[in-house]
Amino acid sequence: MEPHSSTSSSEQAVPPPTARLTVLAFAVAGALVLLAGWELVVRQLGPVPGASVRPGRQAAEVFLEPVGDGKKRLVMFGSSRVENGFAPVVARQHVAPDFDVRNCSMPMGSSVQMLEIAQDELRAGDVIVCEVWPIGFYEDRAAPDLPEFAKYFGASWALSRFERAISDGLADNLLAFSSHGDPMDRLRLTLRAGLVGTNPEQMNASEVQMIDHADGWREVILKDQSVENWRKRAAGNVPKPSHLTATQRQERFAQMLARVRNLDTQLAGRGVTVLFVCMPSSGAYKAMEDTTFPREQYWDRLAAVFPGRCLHFSDDPVMRGLWTPDESHLETAGARAFSARLGWWVTHTLESARPPLDP
Amino acid sequence: MLFTSPVFLLFFAVVFLVCRVAPWNLRKAFLLAASLAFYAAWNPPFVLLLLGSVVLDYGLGLAMGRTERPGPRKALLVLSLCGNLGVLAAFKYANFLSENFIALANAAGWQVSLMPWNIVLPVGISFYTFQTLSYTIDVYRKQIPVERNLLDFALFVTFFPQLVAGPIVRASEFLPQLKQPRTASSAQVAWGGLLFIVGLFKKAWLADYVFQPVVERYYEAATHPSWWQAWLATYSFAGQIYCDFSGYSDMAIGIALALGFLLPENFRAPYGALGFSDFWRRWHISLSSWLRDYLYIPLGGNRRGQIRTRVNLALTMLLGGLWHGAAWTFVIWGGWHGMLLGLERATRKWIPVWLKGRAGRVLGMVATFHAVCLGWVFFRAESLDHAVGLVLTMFGDSGPGAAVQSRWQLGLAAVCALGLVGLQMWRPNTGAREWSIRAGPVLTAVVAALMLFLVITRGSHGTAFIYFQF
């Protein structure tokens, strides 16, 4: 902190000779012309294949879709495991008809963080199923798209409905305003095509087909059904465990658990039920999860805090037999079976918790 | 309400138009109302806290003006310090203090447990607290007259362009501007608009689009970056925090200028700094000059011998670090800079002559930048352990490497970081004003148009500024 002269604000009192209203007007007009031209170019070329969609926005929109009269929400929050593995259209057949079932998930999404953000929108009778993706849940990791998700709720610096209407309206109607119109993405693909002759999205497209349903389910249809081929592909895809020490990891989990307990108490007071589900994984991925997050130190502690409201796939005869081709996500058939079973379990759990009727 | 959100443009358009036509006193009243509405858009109840701060310091200033006796004046100053710093401590440091108390008590063998309080940090509290404190201290020192107009004083504290993330404006700089009617000239409106575009580009494109994904990928506590990934993430964070914060400052200065008010410059090519005292002349200038005038100099500055000077430097920087956040990582960051400043003072006279040449200057700038980057690791890391782990990774204890999500993203961040730092080292004394003069009006308009185009087409808007949390 050496003595130095304060910057004088008088510097700005004399704007540079280039500071003319015509310069500003030309800059704005130039940007508009560029935008108009770019819109035409993007419409001509079509959207960038595989350009980043906005999963945070999608998850928020699925959640915020108005609930029909006399209906309650049954929402599953979570990561891409939920995105691919939970089919509301199937679960709906196994729960009470007054439930409006939704899949509200995003890549690497932590269900608790999503619930914390969305809590003010919940009403009496709503049921929330929180996915326990060990890495995201126990370590309380923030998903990359969480800030985008948060913008749609009444949290700090949330976008107002008015702002959302403007920015989403522009993005929905003009490609230049959406991520499909991102000139840097186009440049990336052009460069890649020039250097490599293809782009990675085309390679993925040869293995799987993705169908995005309006209720949030991203259905994965395998083009290659060979278990052996998928085993080879899955090898080496296991994420590395965090470099937190075991003690640090447990501290994070303990803090998170205390937070969830508080949140659950508040929500229960408002008539909202929260359930927890650990979805199927297999192979080396599951081995990593089991080693990094030993069940007795993590899952069992969670289940002890919320007795009768937690379901681990390995405890369920149907769920533990489901196939996860990449060791972490369910494909179509698995997702349908999982969703049916989850619907049955939710119904069963809610009925068990209901107080007996008066004679 | 964020400067980068569409609704702010509508808000500003209304404020701008009213300020062009309304008479002076009405204009000031309208600006105060608009500032409170701007703040209330975040969390309405906290407007009361802001107004409480205004009333407290306004009242204490008036009381100070009524007496010449040193005793009561000092008591009033202490009251202001306790009131302002007490509120800041309650909202910002309560959990930090209780956590450390519990840790200490447990270490001493007492079993103490306290649930963390669920405290919402009022946005901008660190900024407006320092701003009001500077007023009462200056009045106490008789460096400025007592402000008797409540409207003027309230507008000085709450003026929306700088309310939530600075620059920290001194009463001596701002209050005189409220004494005479001011209307921005067309050149000021134009320059304010261009500065806003530059700030918007820095924040929305460079900070959020280019740098943030790389930083979040490799600074996630759970990843194991390799040495090069850790370095790239740190360079990216250096770029992100500079573009985020200086982008906000540029927008704030531009908005104020378009309304006819002058705010102090807050950044001047900090990565082109040669040495650490030079860095602090260029980085967050309004905070570093505040700390110098209200902390370092009152502690004795450099007037009480070498050892005391270094102690003063260290103490000032430690508190400066703590100002940024209630965590040990910020204290370490402040301590690191205090140590570097002390080291620089101690070794200044032994710097060899060859280092004062052109090559030596470049080497000095690169070394300064890298030392600053090491400090950023502590500033950004989630915990002390995480920061130490990252520093070890950067110096050879390389992790297995996190999966690379997008080579394009990494390449873009590397090129932009290199460009940003290279430009500042190449022309460390050239600001936006000078660049614009060099470029001429046509190139200035073309560059500004391109910046706007990239900002609008990037697809996602509305990420809060990093410094809102401080």
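The accessible surface of chain A comes to about 16200 Å², and carbon and sulfur atoms account for 58% of that area. This value, like every other one given here, is computed from a predicted model. Of the 359 residues in chain A, 49% count as buried, and the chain is built with 16 helices and 7 strands. Among its contacts between residues at least 6 apart in sequence, 78% join residues at least 24 apart.

A useful place to enter chain A is strand 6, which covers residues 273-278 and is largely enclosed by the rest of the structure, because 5 of its 6 residues are buried. Strand 6 of chain A pairs in the parallel sense with strand 3 (residues 127-131) of chain A over 5 bridges, and within this pairing A:Val129 has A:Leu275 as its bridge partner. Strand 6 of chain A also pairs in the parallel sense with strand 7 (residues 310-312) of chain A, here over 3 bridges, with A:Cys278 and A:His312 as bridge partners.

From strand 6 the path leads to helix 13 (residues 246-269) of chain A, in which A:Asp264 lies. The relative accessible area of A:Asp264 is 9%, and because buried means under 20%, this acidic residue counts as buried. Leaving out residues up to four places away in sequence, A:Asp264 touches A:Val274, A:Phe306 and A:Arg309, and its side chain makes a polar contact of 2.9 Å with the side chain of A:Arg309.

Elsewhere in chain A, helix 3 (residues 55-64) is mostly covered, with 7 of its 10 residues buried. The buried residues of this helix are A:Pro55, A:Gly56, A:Arg57, A:Ala59, A:Ala60, A:Val62 and A:Phe63.

Turning to the nonpolar cores, the largest one has 154 residues, and those with the most contacts inside it are B:Phe8, B:Tyr39, B:Phe160, B:Trp205, B:Leu259, B:Tyr271 and B:Trp376. Helix 9 (residues 186-218) of chain B supplies the largest share of this core, 19 residues. The surroundings of B:Leu259 can be listed in detail: leaving aside its neighbours within four places in sequence, B:Leu259 is in contact with B:Phe12, B:Val15, B:Phe16, B:Cys19, B:Leu31, B:Phe159, B:Phe160 and B:Ala184. A second core, separate from the largest one, has 67 residues and includes A:Cys104, A:Val260, A:Phe293 and A:Phe306. A:Phe306 links this core to the earlier part of the account, for A:Phe306 is also one of the residues that A:Asp264 touches.

Note on methods: Residues numbered from 1 in each chain as written. Chains lettered and ligands numbered in written order. Predicted model: local features only at pLDDT ≥ 70, side-chain atom pairs only at ≥ 80, totals over all residues. Heavy atoms only, no water. Core = buried A, V, L, I, M, F, W, Y, C linked by side-chain atoms within 4.5 Å. Buried < 20%, exposed > 50% of the residue type's maximum accessible area, 1.4 Å probe, protein only. Helix = DSSP H or I, 4+ residues; strand = E, 2+ residues; numbered from the N terminus. Contact = heavy atoms within 4.5 Å. Areas by Shrake-Rupley, 256 points an atom, 1.4 Å probe, with all protein chains shown as cover. Pairing = 2+ DSSP bridges. Polar contact = N/O pair within 3.5 Å; in protein donor to acceptor, adjacent residues only side chain to side chain.
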